[in-house]
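Trainee: I am new to this structure and would be grateful for a close look at one part of it. Could you take me through the helices and the aromatic residues around them, and then place that part within the chain?

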Amino acid sequence: KTGTLTQNKMILRRVATVESECAVGLTSCSAPDNDADFRHVLNTMIACNTVFVQYERRRDFIDDQDTPQMGDVYSIGAPSSYALSDSDLADEELRLRGFGAPIYEGESPDELALVKGARRFGLHLSKRNANSVTFEGPDDRETKFKVLCTLPFDNVRKRMSVCVVGDRPDEVIVYTKGADSSMLGNAGKRVKRSSHRRSSQEEDEGFHDERPRLLSHTQSREDAIRARVEEYARMGLRTLVIGMRVMRRPEFDEWHRVQKQVWISNGDEETVKMLREQAEAIEMPTRVIGVTAVEDKLQDGVERSIAALREAKIQVWVLTGDMQLTAEGVATACGLFSDTPVDFESDSKETYEGEDVVVAPDQVSELCAPLSSALDRLDGCLSVLCFRLDPSQKAEIVKAVMRRGGVVAAIGDGANDVPMIQAAHVGIGISGHEGAQASMAADFVLAQFSFVSRLVLLHGHWNYARIANVMLYFFFKNIQNVMINFFIQTTNGYSCGFPINMNYSILYPVIFTSLQPIIFGVMEQDRVEKELLADSNMYEDGRNGTLYNYKQFAFNVVDAVWQASICYLMTHLITIDSPATTQYLGFVLVSAMFTSNVAHLLMETRCINIVQIGVQFAGCIVSSGYFLLFDLLPTDEYHIAYDAMGDFTFYAAVLLATLICLTPRFILRVLLAADTQVVGKEK
């Protein structure tokens with residue numbers, strides 16, 4: 001979603017009504033004197049939110065440690081919920097100097113941006129509780145709103161409202177903020193993005209335009225606000241529409257009585273629906289009075305990361321709740337759209353090969369229908385942008401793509417992304433200012449979006465290669481072990497005689513040859529890091545299944561049978577017509593089998609380091625030490641290993657068997673594979 005591409009450090013940039021507009025910068029701003037709507041917009045920014053005020057940093061009682069201070073955050077570079085923006089740093093500095101600057105905390109960065117933006121106009125939120133909101137005005141006069149009811153945001157209404165006592169005791173004002181689609185109806189059509197931005201000097205000096213926008217007789221208030229919204233969306237800003245409603249106290253009391261009755265009823269789906277209807281009843285009709293716009297800059301490296309994913313032929317979908325213009329602005333800025341996008345048409349049969357596609361929210365149900373072929377037409381497109389989606393719609397799209405056989409990774413950073421993350425094959429959480437819900441629900445957690453390309457293209461490739469080679473090796477060594485038992489039966493009259501030490505045979509797959517492939521699976525790197533990051537096309541090895549398929553499986557089965565036959569044949573040849581005992585034959589046989597396994601795994605290893613060599617050497621010591629210790633027991637195998645290790649024939653047989661066993665694999669893997677290389681661990 002678009003929120004994972006941005007820094008989530010919201011800064012208020014525009015506050016506007018029908019008559020006035022003010023650009024918010026780093027310095028103080030003055031509200032227009034002759035615009036009453038502007039004052040109500042500022043009141044909404046202060047009162048209609050979940051931000052609460054503290055005058056000292058919270059203490060973390062979970063581990064009984066103080067939360068990180070300003071210096072701690074920068075020393076560890078933690079992009080967590082404690083990371084401080086520029087305005088946070090200024091507040092922190094004032095507090096450390098003893099000026100007692102308040103510390104604002106809230107559920108959403110958007111709300112924090114509005115409250116901090118209101119401070120630029122001289123309105124300082126100083127206290128909040130369930131029944132009141134207190135703030136100081138530009139003249140240091142304290143104002144207190146008595147809160148009668150708060151209607152929280154939900155994904156259906158897409159609005160939040162607060163009911164406060166008005167200027168007169170018998171008057172109630174309902175301040176509402178929400179998405180333009182819920183406040184104004186349908187969003188405007190797509191228009192070409194404008195490159196015009198006011199100068200940085202205007203931004204920083206708090207430029208404001210009080211020139212009246214005279215409405216023609218055909219233009220309504222909503223049309224004027226919609227024009228503002230579209231203008232800010234072209235600039236890449238995220239907008240909220242502000243509305244208010246004034247009602248008499250008796251009317252509000254009657255509504256509040258019904259709302260309380262619904263609230264205390266059973267908490268089932270019907271109750272939720274009735275509460276939503278009650279909220280609609282008091283919020284509508286609302287008088288649209290203004291719009292706010294906040295800036296959320298892209299994270300560093302986003303464009304490069306998306307370009308790498310697209311080069312790897314990974315189809316990137318953006319599922320966002322933002323309005324269309326804002327979503328398209330972010331998609332264009334991050335390089336998701338290589339050309340002008342086309343609108344998806346559900347009632348057409350047109351395919352979108354090589355196109356960037358925009359899907360409207362009313363087409364999502366058709367797209368996700370189980371028997372619909374609409375999704376097939378997006379198979380060859382470069383990217384897809386779906387806007388104005390709620391969390392359930394995001395999850396439905398993920399499930400629909402998975403039903404078609406796609407392997408889906410969902411990337412999110414907030415609580416509204418949890419359904420999407422949980423529905424996907426792989427969930428990736430971006431830790432930041434949106435809380436920890438997405439991180440707790442995800443399989444992987446990253447500090448920023450730019451690390452996604454590294455996770456997928458580098459670690460994804462490495463892990464696919466590791467798992468593929470480890471699985472093939474486990475199949476190989478177990479088939480080899482079983483086939484040796486089969487070849488033994490061909491020369492002992494199928495009498496079920498077994499010359500190999502029974503304890504060693506049981507422990508062979510779980511003790512003597514288990515740690516080596518595990519270390520291999522942890523540390524193996526079939527390609528160097530720079531090579532994988534420089535050429536995204538190498539990721540196709542995993543998607544095409546080139547390292548683990550029927551051909552590779554069959555090759556390893558044949559190789560296991562070949563090596564088992566050679567190990568037994570060489571052992572049989574040196575012991576035939578000799579006074580060697582059956583136990584001697586078994587020791588030579590398992591020694592040849594173990595040595596060929598060690599050499600086999602080293603041949604497959606392309607990242608040879610001291611750890612892998614040490615583990616293989618330790619495995620040889622443990623295997624030989626087992627037999628030497630077993631020699632000390634008064635059994636039929638007394639001194640078998642000791643005598644064999646003093647005989648040159650034993651070493652010749654084991655070495656020759658190992659060389660012959662690995663000859664076919666050496667020819668195919670090394671001599672005929674030009675891209676195979678042994679790499680060292682880069683520091």
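Mentor: What follows begins with the whole chain, turns to the helices and aromatic residues, and ends with some individual residues elsewhere.

The model is predicted, and this should be kept in mind throughout. The protein chain contains 25 helices and 21 strands. It has 683 residues, of which 48% count as buried. If one takes the contacts between residues at least 6 apart in sequence, 72% of them join residues at least 24 apart.

The part you asked about may be approached through helix α22, which spans residues 582-604. Helix α18, covering residues 515-523, packs against α22 at an angle of about 0°, and the two axes are 11 Å apart. An angle under 35 degrees counts as roughly parallel, and α18 and α22 are therefore roughly parallel to each other. On the α18 side the contact is made by Gln516, Pro517 and Phe520, and on the α22 side by Phe594, Leu601 and Glu604. Sorted by class, the contact of α18 with α22 comprises 4 nonpolar, 1 polar and 1 charged residues.

Helix α17, residues 502-512, also packs with α22, here at an angle of about 10° and with the axes 13 Å apart. That angle makes α17 roughly parallel to α22. The residues in contact are Tyr504, Tyr508 and Phe512 of α17, together with Val590, Met593, Phe594 and Asn597 of α22. By class, the contact of α17 with α22 has 6 nonpolar residues, 1 polar residue and no charged residues. Phe594 of α22 thus appears in the contact with α18 and in the contact with α17.

The aromatic residues of α17 lead to a wider group. Tyr504, Tyr508 and Phe512, which α17 contributes to its contact with α22, belong to one aromatic cluster. The other members of that cluster are Phe587, Tyr626, Phe627, Phe630, Phe650 and Tyr651. Across the structure there are 19 aromatic pairs. One of them joins phenylalanine 650 and tyrosine 651, whose ring centres are 5.1 Å apart and whose planes lie at 75° to each other, an edge-to-face arrangement. Are these two residues buried or exposed? Phenylalanine 650 has 6% relative accessibility and counts as buried. Tyrosine 651 is partly exposed, its relative accessible area being 43%.

Another aromatic ring is associated with a charge. The charged end of arginine 665 sits over the ring of phenylalanine 476, at 6.0 Å from the ring centre.

A further helix can be viewed through one of its residues. Glutamine 552 lies in helix α21, which runs over residues 550-575. The relative accessibility of glutamine 552 is 18%, so this residue counts as buried. Leaving aside residues up to four places away in sequence, glutamine 552 touches Leu472, Thr546, Leu547 and Arg669.

To place this part within the chain, it is useful to turn to a strand. Glycine 290 lies in strand β14, residues 287-295. At 0% relative accessibility, glycine 290 counts as buried. Its contacts, not counting residues up to four places away in sequence, are with Ala16, Thr17, Val41, Ile225, Leu240, Val241 and Ile242. Glycine 290 and valine 15 are 275 residues apart along the chain, yet their C-alpha atoms are separated by 7.5 Å.

The loop between α9 (269-283) and β14 contains proline 285. A cis peptide bond joins methionine 284 to proline 285, with omega of about 5°.

Two lysines complete the account of the backbone. Lysine 158 has a positive phi of about 60°, although this residue is not a glycine. The loop that holds lysine 158 lies between β9 (142-151) and β10 (159-165). Lysine 158 is buried, with a relative accessible area of 18%. Lysine 313 likewise has a positive phi, near 65°, and is a residue other than glycine. Lysine 313 is found in the loop between α10 (302-311) and β15 (316-319). At 53% relative accessibility, lysine 313 counts as exposed, whereas lysine 158 is buried.

Definitions and conventions: Residues are numbered from 1 along each chain as its sequence is written. This is a predicted model: local features need pLDDT of at least 70, side-chain atom pairs count only at pLDDT 80 or more; totals for chains, interfaces and linings use all residues. Side-chain values use heavy atoms; hydrogens and water are left out. Rings of Phe, Tyr and Trp (its six-membered ring) pair if their centres lie within 6.5 Å; planes under 30 degrees apart count as stacked, over 60 as edge-to-face and the rest as tilted. Buried means under 20% relative accessible area, exposed over 50%, partly exposed in between (1.4 Å probe, protein chains only). A charge sits over a ring if NZ of Lys or CZ of Arg is within 6 Å of the ring centre and within 35 degrees of the ring normal. Axes are lines fitted to C-alpha atoms, for helices over the stretch in contact, and angles run from 0 to 180 degrees between N-to-C directions. Helices (H or I, at least four residues) and strands (E, at least two) are DSSP runs, numbered from the N terminus. Angles under 35 degrees count as roughly parallel, over 145 as roughly antiparallel, 65 to 115 as roughly perpendicular and the rest as oblique. Contact means heavy atoms within 4.5 Å. Ala, Val, Leu, Ile, Met, Phe, Trp, Tyr, Cys and Pro count as nonpolar, Asp, Glu, Lys and Arg as charged, and the others, Gly among them, as polar.
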